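Morning, everyone. I have one model to walk through today. Have a look at the sequence and the structure first.

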Amino acid sequence: MRLIKNLLALVVLALGALWSLQGSGLVGGSFMTGQSQWLYIGIITALVGLGGLVWANRSRP
């Protein structure tokens, strides 16, 4: 189960990173390129993915 949680969190983190790079204009080829709203959506999504990684790997008593 931990593996599935980690994979899901990594996918969310990767999507957030991609969206923020597209929003900042560093990655082209999409309607999101250069749109600042996608930069913010990507940052929030990446933070959710990072939180998911922390939650999936926290030690349980």
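Let me start with a question: which residues does Gln22 touch, not counting residues up to four places away in sequence? The list is Val27, Ser30, Met32, Thr33 and Gly34. Before I go on, a reminder: this is a predicted model.

Where does Gln22 sit? Its place is in helix α1, residues 2–24. Gln22 counts as buried, because its relative accessibility is 8%, and the cut-off for buried is under 20%.

Now the helix itself. α1 has 23 residues. From first C-alpha to last, α1 reaches 33 Å. That is close to the 33 Å expected at 1.5 Å a residue.

Which residues of α1 are buried? They are Asn6, Ala9, Gly16, Ser20, Gln22 and Gly23. And what do the buried residues of α1 pack against? They pack against α2.

Next, the end of α1. Just after this helix, Gly25 takes a positive phi of about 90 degrees. Gly25 is found in the loop between α1 and α2. Buried or exposed? Neither: Gly25 is partly exposed, because its relative accessible area is 39%, and partly exposed runs between the 20% and 50% cut-offs.

Gly25 has contacts across the loop sequence too. Leaving out residues up to four places away, Gly25 touches Thr33 and Gly34. Thr33 and Gly34 also appear in the contact list of Gln22. How far is Gly25 from Gln35 in space, C-alpha to C-alpha? The value is 7.6 Å, with their positions 10 residues apart in sequence.

On to α2. This helix covers residues 36–56, and Tyr40 lies in it. Thr45 is found in α2 as well. Thr45 counts as buried, because its relative accessibility is 17%. What is Thr45 in contact with, leaving aside neighbours within four places in sequence? The answer is Val12, Gly16 and Trp19. Gly16 is one of the buried residues of α1.

Now the outside. Leu47 lies in α2. Leu47 counts as exposed, because its relative accessibility is 54%, and the cut-off for exposed is over 50%. Which residues make the nonpolar surface patch? Tyr40, Ile43, Leu47 and Leu50 make it, and its area is about 410 Å².

There is a record to set beside that. The UniProt annotation "transmembrane region", from an unreviewed entry, covers residues 39–56. In the model, that span is 100% helix and 0% strand. Its end C-alpha atoms lie 26 Å apart.

Last, two distances from α1 to α2. Take Leu7, whose place is in α1. Leu7 is partly exposed, because its relative accessible area is 48%. Leu7 and Gly49 are 42 residues apart along the chain, and their C-alpha atoms are separated by 10.0 Å. For Leu7 and Leu47, the separation is 40 residues in sequence and 15 Å in space, C-alpha to C-alpha.

To recap. The buried residues of α1 pack against α2. Gly25, in the loop between them, has the positive phi. Leu47 is part of the nonpolar patch. That's my walk-through. Over to you.

Technical notes
Residues numbered from 1 in each chain as written. Predicted model: local features only at pLDDT ≥ 70, side-chain atom pairs only at ≥ 80, totals over all residues. Heavy atoms only, no water. Patch = residues over 30% accessible without salt bridge, like charges linked within 9 Å, V, L, I, M, F, W, Y side chains within 5 Å. Areas by Shrake-Rupley, 256 points an atom, 1.4 Å probe, with all protein chains shown as cover. Salt bridge = Lys/Arg side-chain N within 4 Å of Asp/Glu carboxyl O. Helix = DSSP H or I, 4+ residues; strand = E, 2+ residues; numbered from the N terminus. UniProt positions renumbered as here; feature names shortened; annotations may be inferred. Buried < 20%, exposed > 50% of the residue type's maximum accessible area, 1.4 Å probe, protein only. Contact = heavy atoms within 4.5 Å. Expected span 1.5 Å × (residues − 1).
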